[in-house]
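Reader: Could you take one helix of this model and go through it closely, from its ends to its packing, and then follow the aromatic rings and charged side chains in the rest of the chain? I would like each term explained with its cut-offs where you use it.

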Amino acid sequence: MLDFQFIGDPQNAQAMSAYMRNQFPFIGLKSPQRKTQEKPLLQQAKAWDQSQLLDAFAELYAKPEREYQYAALALARKYATRFNFDGIQTLARYVTVKSWWDTVDNLRPIFWIYLQHHYEDMPKVWALFFGQDDFWLRRVAITLQLSAKSETDLHLLTQAIEYDLITDEFFIQKAIGWALRQYARGNAQWVKAFIHAHPELSKLAVREASKHL
């Protein structure tokens, strides 16, 4: 059991929950205060191995208040280089737990940090998310390479986008546009050609993708 507890501000809690469509309760800690309060936890974890990190992650994620999920994500991100592929598989399951953009999009960088040290594992990490029933998992398949720049595996990116080309889900279409927009920073011609070759792309995806074209 972790000896860790946030001290919140009830005056902030209601507005913070409302911002997330009242899907999750909040203690009422804004980001700067939360980061200050979680510092002792991150310091304590300096000596932890993968098993201890995953146990702490699970315990924090199980708490009802959203700030504890944020603390779990901060913990995993700070020590992401300690995870092996089994650890990444475990963390990938949390994409479908208490899912919303705030946690899903902060799990993705943890997977990317792992891949920076184990790039040969890109296909099997990507496969954890591609083609899954849960659209949040597929969102990660689309956005997994946001930071890859010239190292982007275009075959995997194309597969992920084409799988959900006509999926009527805002967070999927937004992800498609986001992924294309990021890649366009370094290869605008490829993105222009991709958009031209895929007239089925939604207006939202095209609008997002075209911001740097």
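Author: What follows looks at helix α3 and then moves outward to other parts of the chain. The model is a predicted one, in which local features need pLDDT of at least 70 and side-chain atom pairs count only at pLDDT 80 or more, while totals for chains, interfaces and linings use all residues. Residues are numbered from 1 along each chain as its sequence is written, and side-chain values use heavy atoms, with hydrogens and water left out.

Helices here are DSSP runs of H or I with at least four residues, numbered from the N terminus. Helix α3 has 13 residues and reaches 18 Å from its first C-alpha to its last, which is close to the 18 Å expected at 1.5 Å a residue; the expected span is 1.5 Å times one less than the number of residues. At the start of α3, a side-chain oxygen of D49 comes to within 3.2 Å of the backbone nitrogen of S51.

The buried residues of α3 are Q50, L53, L54, A56, F57, L60 and Y61, where buried means under 20% relative accessible area, exposed over 50% and partly exposed in between, with a 1.4 Å probe and protein chains only. Seen down the axis of α3, these buried residues fall within an arc of 165 degrees, so they line one face of the helix; the arc is that of the directions from the helix axis to the C-beta atoms. On the other side of α3, D55 and A62 are exposed. The cover over the buried residues of α3 includes α2 (31-44), α4 (66-78), α5 (85-92) and α6 (101-117), with contact meaning heavy atoms within 4.5 Å.

Two of the residues in α3 also form a ring pair. A search of the whole structure finds 18 aromatic pairs, and the rings of F57 and Y61 have their centres 5.1 Å apart and their planes at 15 degrees, so this pair is stacked. Rings of Phe, Tyr and Trp (its six-membered ring) pair if their centres lie within 6.5 Å, and planes under 30 degrees apart count as stacked, over 60 as edge-to-face and the rest as tilted. F57 and Y61 both lie in α3 (residues 50-62), four residues apart, about one turn of the helix, and both are buried. An α-helix has 3.6 residues a turn, so residues three or four places apart point the same way. Elsewhere, ring pairs link W100, F135, W136, F170 and F171 into a cluster.

Charged side chains also meet rings. R66 lies over the face of F24, at 3.6 Å from the ring centre, and K124 lies over the face of F85, at 4.3 Å from the ring centre; a charge sits over a ring if NZ of Lys or CZ of Arg is within 6 Å of the ring centre and within 35 degrees of the ring normal.

R66 has its place in helix α4, and it is buried, with a relative accessible area of 0%. Leaving out residues up to four places away in sequence, R66 touches F24, P25, F26, K98, S99, W100, D102 and T103. With one of these, D102, the side chain of R66 makes a side-chain polar contact at 2.8 Å. A polar contact is a pair of N or O atoms within 3.5 Å; within protein, one must be able to donate a hydrogen and the other to accept it, and residues adjacent in sequence count only if both atoms are side-chain atoms. D102 itself lies in helix α6 and, at 3% relative accessibility, counts as buried. Not counting residues up to four places away in sequence, D102 touches M20, R66 and Y70.

Further along the chain, helix α9 (residues 154-163) can be read in a similar order. At the start of α9, a side-chain oxygen of D153 reaches to within 3.1 Å of the backbone nitrogen of H155. The buried residues of α9 are L156, L157, T158, A160 and I161, and they pack against α7 (122-126), α8 (135-143), α10 (170-184) and α11 (188-197).

Two loop residues complete the account. R21, found in the loop between α1 (10-19) and α2, has a positive phi of about 60 degrees although it is not a glycine, and at 62% relative accessibility R21 counts as exposed. K149, in the loop between α8 and α9, has a positive phi near 55 degrees, again in a residue other than glycine, and K149 is exposed with a relative accessible area of 65%.
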